[in-house]
Each structure stands twice: as structure tokens, then as C-alpha cells.
Amino acid sequence: MNLDTSYLGLKLRNPLVASAGPMTQTADRVERLAEAGVGAVVLPSLFEEQIRAEADRDERLAEVGIDSFGEAMTYLVDPDASIWPRHYLSLIERAAGAGVPVIASLNGTTPGGWTDYARAMQDAGAAAIELNIYYLTADPLMPARDAEQRYVDILTTVKAVVSVPVAVKLTPYFSSFGEAAVRLDRAGADGLVLFNRFMQTDIDPDTLTVSTGFKLSAPNEATVARSWIARLRGHVRASLAASTGVETADDVAAYLLAGADVVMTTSSLLRHGAAHATVLLDGLTAWMERKGFGDVGEFRGLLAQPAGSAGPGYGRSGYLSAVEGASRTYTPG
Ligand SMILES: Cc1cc2nc3c(=O)[nH]c(=O)nc-3n(C[C@H](O)[C@H](O)[C@H](O)COP(=O)(O)O)c2cc1C
């Protein structure tokens, strides 16, 4: 059985990737994931705010002078806020020893100097950079084009300072997601990751407060990412990575059938531990055997949207019969 995969031009032993999150936060955890068989890992994001905080701290330390360094540290340094960027580079170095490609992740929303950090990540051993452009447009009057341009600007700024491939992790919340994805492809994105999940802001009517948080995903949340991958397959040069809603090997197979080059998972690994990667890979191999496939390339994109047509499942053509079917299934008692 051949699971060999190419992603962002990198050769992976299989298409299962541990996405950014707590499972990849230490070198030990990355090692456990590599032992469990993943093809690559994405480290948690380093935030623009953290990079700026460290740069500010360095500047202030330079102002007070090296002689008073020890004393200055006690006044100026918030260890949690300012040490992290350098720590991140050493995480890349150590994680790279686990034997699978390590993708570093940068999270920011403005095309400022923090993007230079991508170069430091590359120098520390990152095989690629994933840009998690988590742009929460709180301004209701922000034009859609301006919001999209922000993504393109950050991508081109980062591409200018690194030679390793750069992927962009996206949300589906664009007026015309497909066109935004194609623009990023044309602007040089080596990969598109569909999708990140926004934090779940909510309102508690009991305490009259606004809450934020993250819940782990469920498999039924995969349908939006899966259908966009199916629509983009063949329309972009960039690699396509699936992210959201993988729990079983069938979820992995379905994403590959849609046209994903790699399939990422965070929630299932957090739920079941690193060894779940082996369960997913064994399950994928068993599924391939049952279906008579010997190579991932034989079925990747088999159920993608056919070129030049909306296809029965992906456009409006199947919509009416889907509504009728659902009305029969969910007849009120
Ligand atoms: C606790 C937690 C932390 C995460 N941290 C990051 C992060 O640092 N950077 C990032 O790009 N995505 C992060 N994610 C998003 C995941 O990488 C992934 O895209 C998302 O959870 C959807 O995939 P899943 O359904 O497999 O969980 C995080 C997710 C969770 C649950």
C-alpha cells in the first residue's frame, strides 16, 4: 500500500498531518506523533502580538543598558509574554529532530515587521510556514475587498523573506470564498488550508457576559471544507490541506476523495491521544484494501467537482431534490 504524498512540494510518507494546537506544542509530543505515524506536523501559531512584545522588551533593555540588565529584567520582563518567540525557535529545532517535516505557524493580521520572523523560523529548521491569518473584521463597514487584500499583502510580505513554501490557513467567511482562494493562489500561496475555526464567541443570558472559547470539532462540521476542496481541486496550483472534523478513517478518505493533498487533525488527537494517528492510518489502509486502491494517487480527487460543471452534489442542481429528501426524512410526527 502506497500512502506517499506530496504537500507544498514536500515529500510526506502519508497524507495525515497533525495540525496546529496543543498536541504539537512540545518536542516530546511531536516525537510521539511521529512515532504514531503522521506525515508531518504543524506547530501552534506564534502570534504577531508576542513577536512585537519581545521586540519592545529588547528595545527597552537596550535603553537601560547592559550593566543594569539583571535589575531591568525584574522590572521590564513579563516572562509569559516575552520569552515565547525565542522559545518557539528552539521548539522548531528540537521538533525537527523527530524525523517528520515540521511546519511553523505564524498568526497575525497586519503586514508589519513581525512577518520577518518567518525567516527566523526557516533558519531554525521549519520545512514550511503556515500563515494563520486570523483577521476578525469587527468593523461592520470594512469592505470585503479590503479584508481580502489584507491576506494577499501578508502572504506576499512573508513570501519575500523566505525560500521555504508558504501555506495560508483560511476561514470560509469571505463573500466569494473561491475567488479569494484563487487570488491567494495567484499571489504565490504554495498551499491553502481549509479551514481554521474561529473562536466561538457567545452570550450568556444568565451572567450577562460575552464569552469566548474553543470547542473540539465534530465530523459533521467537515462538509463546508470538504465541498470547497472539491470545488477548488483543479482550479488552483497550490496544495490543498483539509482541516476540520476528522474523527475516523472514513473522514480522512472522504477528504482525499474530494481532492485534499493532506488531511489534518487536531480535535481527534486531543480527544484520543497521539496513538489515534495510527488508528486513522490503519483505517485508511484497510479502506483502500476494501476498495481496491493501492496508491493514494488513484483516488485523490475522484469525487472533486468536475472541471467546467457545478456537478450534481456541489451546485444548485441537486438542491431541490436534497430539500425534498430532507422533508421526507424529517416529517414532523
Ligand atoms: C485548543 C486548540 C488550539 C489551537 N491552536 C491553533 C493554533 O495555534 N494555530 C492554528 O492555526 N490553529 C490552531 N487550532 C486550530 C486547529 O489547528 C484546527 O485547524 C481546527 O481545530 C480544526 O481542525 P479539527 O477539527 O481537526 O480540530 C487550535 C485548535 C484547538 C482546538
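## Exercises on the ligand pocket

By class, 12 nonpolar, 15 polar and three charged residues line the largest pocket (Ala, Val, Leu, Ile, Met, Phe, Trp, Tyr, Cys and Pro count as nonpolar, Asp, Glu, Lys and Arg as charged, the others, Gly among them, as polar). The model is predicted: local features need pLDDT of at least 70 and side-chain atom pairs pLDDT 80 or more, while totals for chains, interfaces and linings use all residues. Residues are numbered from 1 along each chain as its sequence is written, and side-chain values use heavy atoms, without hydrogens and water.

**Exercise 1.** Find how much space lies in the largest pocket and which residues are closest to its centre.

*Solution.* Start with the volume, the space filled by probe spheres set on grid points joined across faces, edges and corners: about 680 Å³. Next, take the 30 lining residues; the closest to the centre are Ala20, Gly21, Asn196, Phe214 and Thr266. A pocket here is an open set of points on a 1 Å grid over the protein atoms alone, where a 1.4 Å probe fits, with protein on both sides within 12 Å along at least five of seven lines; lining residues have an atom within 4 Å of a point.

**Exercise 2.** Find which backbone atoms make polar contacts (N or O pairs within 3.5 Å) with the ligand: those of Ala20, Gly245 and Thr266 are your candidates.

*Solution.* Take the distances to a ligand oxygen atom in turn: a backbone N or O atom of Ala20 lies at 2.6 Å, one of Gly245 at 2.8 Å, and a polar backbone atom of Thr266 at 2.9 Å. Then consider cover: the protein buries 87% of the 600 Å² that the ligand exposes taken alone (Shrake-Rupley method, 1.4 Å probe).

Terms used:
A polar contact is a pair of N or O atoms within 3.5 Å; within protein, one must be able to donate a hydrogen and the other to accept it, and residues adjacent in sequence count only if both atoms are side-chain atoms.
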